[in-house]
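Work through the two exercises below with the model open. Each has a task and a stepwise solution.

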Amino acid sequence: MTLDLDAYFARIGWSGERRPTVEVLRSVHRAHMLGIPFENLEPVLGSAPSLALPDLEEKLVRSERGGYCYEHNTLLTAVLTQLGFRVTLLTARVVVGAAPGDIRPRTHMLMQVHAEGESTPWLADVGFGSQGALLEPIPLAVDAELLDTPRRHRLVHAPHDGPLEMWELQTDKGGYWEPQYEFTLEPFEAPDYEVINWHIATHPRSPFRRTVHVQRTLPGLHRALSGRTLVETADDGTVVERELGGRAEVLRVLAEDFGVRLPEDTVLPD
């Protein structure tokens, strides 16, 4: 199946020359981040989201919904491939928030992208549900830095005993670099993500199965809902936090503030 690019670009509010250039990659990546929310509502409601392209198009493009990393990055992979980019799928180990000594499984999906006329590939990722997420792709080069305003990122090599070099994406936290995730350049394929997706969506201890996580990046503002805690962080660092009330308020905030619309009879966990 080929994706309906007209519908996708309308969804993210992007128009431009459809060529596999770095400029197109950057602008589509940012428009996707601003245009489609991050959410894990399928796992919370008891099912694993489909990664089939027709289902992703129906959910993320044609409906008032979002998705998590496998959905977002599978969708963008299809878009970039149709535009003529060469995409290699990768998998990362999320390290942000991990305690010292913790070893988490590789569960995050991301992409290595080759653009027209460029010898250096790019790291692209529109599915990392965090304020540390990339707004634009970053060159896949040691010590590369990216000012993806208002955020700032860099890539470094991390200590590693394996045969492949370990890369680490870091974000500037106002005076120090905070690691976000680590990955090697080993290619992964669609069936690999089917297995990982099922595990993350259905495992009893998966954080994506137990608690609502919805995020929306907007011009000047990042909005996050975890459980019933709503946090709004402005680009100047101002933070406003409040607890939502009952189910009706949660559904209203999802629709009005995140652009995620669910049936009125949906019952979400506390």
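The exercises cover an enclosed cavity and then a strand sheet. The model is predicted: local features need pLDDT of at least 70, side-chain atom pairs count only at pLDDT 80 or more, and totals for chains, interfaces and linings use all residues. Residues are numbered from 1 along each chain as its sequence is written, and side-chain values use heavy atoms, with hydrogens and water left out.

**Exercise 1.** Find the cavities of 30 Å³ or more in the whole structure and describe the lining of the largest.

Step 1. On a 1 Å grid over the protein atoms alone, a cavity is a set of points where a 1.4 Å probe fits but cannot get out; lining residues have an atom within 4 Å of a point. The search returns one cavity of 30 Å³ or more.

Step 2. Its volume is about 130 Å³, taken as the space filled by probe spheres set on the points, which are joined across faces, edges and corners.

Step 3. The lining holds 17 residues, and Met33, Phe38, Val126, Phe128 and Thr217 are the closest to the centre.

Step 4. Two or more lining residues come from each of α2 (22–35) and β10 (213–218); β10 gives the largest share, three residues. Helices (H or I, at least four residues) and strands (E, at least two) are DSSP runs, numbered from the N terminus.

**Exercise 2.** Give the strand order of the open sheet of eight strands and examine the pairing of β3 with β4.

Step 1. The order is β5-β4-β3-β2-β9-β8-β7-β6, with antiparallel pairing; two strands pair if DSSP finds at least two bridges between them.

Step 2. β5 (138–139) and β6 (145–146) are the edge strands, each pairing on one side only.

Step 3. β3 (residues 106–114) and β4 (residues 122–124) pair in the antiparallel sense over three bridges. Gln112 has Leu123 of β4 as its bridge partner.

Conventions: 1 Å grid on protein atoms, 1.4 Å probe; cavity = no way out; pocket = protein on both sides within 12 Å on 5 of 7 lines; lining within 4 Å.
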